[in-house]
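User: I am new to this structure and would like to learn how to read its features. Please guide me step by step.

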Amino acid sequence: MKIIEGYPDYMYESIKKVEETRPSRVGVIPKGMTLQEREEVLTKFHPDFMDGTRREVRFGPNKGELIYKGIVDLLEARPLIDPKKVDLDKVDYDVDVLIVGGGGAGTVAALFAHGSGVPVDRILITTKLRHGDANSMMAQGGIQSADRPEDSPSLHYLDIYGGGHFTNNPKLAKALALDSLKIMKWHEDLGVMYDREDDGNFLELSGGGTCRNRLHCAKDYTGMEIMRNIRDQARNLEIPVLEFAPVIEFIMDDSGTVSGAVVLNMETQDYCIIKAKAVILATGGDGRLHLEDYATTNHYGATGDGLIMSYHVGANLRDLDTMQIHPTGAAYPEAIVGFLCTEKIRGLGGQPVNKDGELFVFPLEPRDVESASFIRECRERKKGLVTPTGMPGVWLDTPMIDVIHGEGTIEKNLAAMVRQFKRVGIDMVKNPIFVYPTLHYQNGGVEINENCETAVPGLFAAGEVSGGVHGKNRLMGNSLLDYNVFGRRAGINVAEYITKRTVGKLTLSHVDKYNKTLDDLGIDTKRRAPIILPEYRGKEALARALDIL
Amino acid sequence: MAITEALGHKLIEMEKWNCCGVVASLTSDDLMHHLASIRNLIHVQDEGEDKVVVLCDMCTNTLKQTNLRVTESQDDLETLNEFMDKENEYKGNVTVIHFLEFLRDEVGFDVIKKKVKRPLKGLRIMPYYGCMLLRPAEVAIDDPEEPRILADLIKALGGEVVDTPYKIECCGSYHTIDQKDVTSKRAGKISTFGVDRGADCIMLSCPLCKYNLDTRGKEAESLIDGYHQIPVFYYTQLIALALGLDMEPLDLEGHAVDPIKILKERGIV
Amino acid sequence: MSENNNIEASQQETNDDEIKSGFYEIYVMGKRYKVPIGMTIMKAIEYAGYQFIRSCGCRAGFCGACSTVYRKEDEQKLNFALACQTLVEDGMYLVQIPFVPASKAKYDIDELKPEENTILSIYPEIARCVSCNTCTKSCPQDIDVMMYIQNALRGNIQKAAELSFDCIQCGMCAMRCPADIKHYHVGQLARRLCGKYLDEKSENLKVRLQEVLDGKYDKEIEELMTMDPDKVIEKYKSRSIEAAEEGKA
């Protein structure tokens, strides 16, 4: 098999067809699907609707509900610690606010908690990897906010609610739409470099499921630009951060209030005890669980730890019978399978095209609908291609962008993507890229109210780990907004909450109770949770591994 | 640029340049500090040119010294080129001249004289050279002991020259940062010679000298009893005035010692 | 640890149909391993049996955790790359740099002014730049690092911000700089100053924010929240889609 311009010859032949049909596709916009058509394609092709992808939870607040198998397996797994072996009397850190997770939501929460009066030395962020190693850093497309005169927060609310298939908590959707303006102003004051028009107003693009163009971006590094800015702010304020220190279990007190956590130092393997008046959970997503064997766009530490630990203390989860697969994950070459190819590509005019060069779907349906159509195109209509390593996919006609907006548009607006593909030998300015849906976002999670409170006193949550904001499907540009809006609310509310709190006697009895529940149900497993890191070591090396040291 | 145009010549502004590093390597085995200069000469080469006109005295000195070093020593040139492995090689063919040299040698002071619209008649100007254009002798643009280039320029512009023995003394240079009183007193000494001989103002060519004589010179008024600093002009300001060019870019209001009063008194503005 | 799907490793093992099949030899901190062709450095190291704790973050080129220094067999030159973005080559001799102990200045962005000397006063060491360009050569993101430092030195905040924009703060520049400049922190300051003081502010945002604070949209949204579900669906269906109308899809 020859390689031509980075692609195997048979794929390159298909590219020729894409080139042939390009002139006829310029400016063509196929009709969007009706609600009924959307339902049809979802039901048949999206894992959220297929049989065998979810199973019933057997105990706890979500007993009887369907959740993705991979997650239920972890809910039914044994906790990592043995309470008898953990000494709660020696408290290593005594703080007011413990923030679990050093990504976007955690950092925003810390900044607003401090801004609401909590002294810096009474806040502690613990994070599994480094401060900023999070999905927040990787988001490319943009952040939604209804600031244009042609737009309104009510329209934004409708988009959020309809995009979520009308299952969102309306109060959370309202907060998202209205607070977005406060967040944009806060970002302007922090110095986030959003793309702007000549008159100073933001350059705003369209996104899947949005009825107005309201995606604000910073080239295609939007997530990174925001994250490194707020991280710089946190560092200037000297907010303490413990890195490589994942929380492995919450601690409660004798009144049933979450009061801290057991933290593992991943490098020295010892634990420490954190006592806190309030805990903000901001552990992000679960893409590295590779539910249903999908590749993922998520960062290394996205293993859904927060869901498990919250369930251990009795919090309820919602909408985990869904997972968001992003329609355009890279599918070729092998080295970058799963990588996010931002929706902005479609926002700028990159069309989804099958192996015969046909534009087969409206490019900006909400993500789940778009993903299901790609899967349908490959699976049922057999109009996709398969890479030499067995990965199915369709084309995303990137060269179309320069045709519409002029030469240099791709290089300027999609710099990160151009660079990524160049590194593996593909020129996305000249040739289309090959994509297939990839596991991207946890739509649901630990349920919160508009004050970020969970069902368990003392435990707050914000960001991707929380549930109810996006219902069963999130729109592009709302996750960056989510962590800012609710990180802010969590920080502000926690600052007030701690003034009325005194911590009682620390206990891990909930772990014993959890183990007993598993015993009573006869669940016998060697599996333990949370898993902390995914297992990627080569099978051959693992087969000969000895656990000696 | 406006002056160049008014004199009927053309200069192209460089697209890419970096700080010259100021003060070339003073020891024979330190090549590192020549990098910045060489890089600029490579930029000139990359733009397809072989001559660069430099506005700053210190940059001129640094670039000339580096240029001399690498054209005299093939070994040094090779070492530097090899270190800069991602950049084009410097071939050693770029000529570095100061704007004053350009005006004297390529335009000609007589040409300037013809184009003067507002001669600086009655203005008694003390030319001050400082160090960088005159030392070391290998890169000097004029006689290091008895330079005349600024004096000739003043005459071409119609002004009166006030010669002083301190015209080639150092202004104190970077001592202005942490020992500014030293530079203030220097300014006092240098300017006093001019004042005693009836100078209205000083004309110089180096931005650092101007800062030291103007700003630090003003501060000298509180250090030396009865001292008053005379205004300090950058040579291009006076050329522009004499050629009748737009006064706005000259920023005469930005001086520490007000220069406008004397210009008005002499009827130049 | 757990029984998760070994997705990424298993996909790498079926490389036999790939154009070049077989294995390369690489040296991880001097130890030799055979890894399949077509893998990134990161996946190759995992294939060899290492589980990353440090040196692994987003796995997609945005976070700068996996900075790698390597040399190719028979070559003497050191190269700099991100492990998650670079394919292995035969004879690659590599090490990872998980952390750079760079100092960062503490400042209050609200108190700074976007003046020419601002960056220099916060990071005075940038004046020590000798233009050696080592920083640019160490950057895995193809940024002209020396140029943005030079622009910061000149007080051109805008240009420094623009040129440094793609920086993922991996720290390789700071590690190699003979003048001990902390380039990525300087770039961050330039970008914040630019975004806060030099970029024009949005009039639309100002107006809309005030409307929201005045409660202008509260009633509308309350109505939508309490509306009959069928009516909401109708409202949703009847939205006009700007992108479809403009042909800007």
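**Reading the fold and its contacts**

Analyst: A useful start is burial. In this predicted model, buried residues make up 62% of the 549 residues in chain A.

User: How many helices and strands are there in chain A?

Analyst: Chain A holds 17 helices and 25 strands. Its radius of gyration is 23 Å, close to the 24 Å that the globule rule gives for 549 residues, so chain A is as compact as a globular protein of that length. Along the principal axes, the C-alpha atoms of chain A fill a box of roughly 70 × 60 × 45 Å.

User: What share of the contacts in chain A with a separation of 6 or more comes from residues 24 or more positions apart?

Analyst: Such residues account for 76% of those contacts in chain A.

User: How should I read an interface, and how many residues do chain C and chain A bring to their contact?

Analyst: The size of an interface is often given as the accessible area lost when the parts come together. Here one may count residues instead: 84 come from chain C and 89 from chain A. Several helices of chain C each supply at least two residues to its side, among them H1 (7–13), H2 (41–47) and H9 (203–213). H8(C) gives the most, with seven residues. By class, this side of chain C has 37 nonpolar, 23 polar and 24 charged residues.

User: How many residues do chain C and chain B give to their contact?

Analyst: That contact takes eight residues from chain C and ten residues from chain B. The chain C side divides into four nonpolar, three polar and one charged.

Key:
Residues are numbered from 1 along each chain as its sequence is written. Chains are lettered from A and ligands numbered from 1 in the order in which they are written. This is a predicted model: local features need pLDDT of at least 70, side-chain atom pairs count only at pLDDT 80 or more; totals for chains, interfaces and linings use all residues. Two residues are in contact if their C-beta atoms, placed from the backbone, lie within 7 Å. Ala, Val, Leu, Ile, Met, Phe, Trp, Tyr, Cys and Pro count as nonpolar, Asp, Glu, Lys and Arg as charged, and the others, Gly among them, as polar. Helices (H or I, at least four residues) and strands (E, at least two) are DSSP runs, numbered from the N terminus. The radius of gyration is taken over C-alpha atoms; the globule rule is 2.2 Å times the number of residues to the power 0.38. A residue is buried if 20 or more other C-beta atoms lie within 10 Å of its own, exposed if 12 or fewer, and partly exposed in between; C-beta atoms are placed from the backbone.
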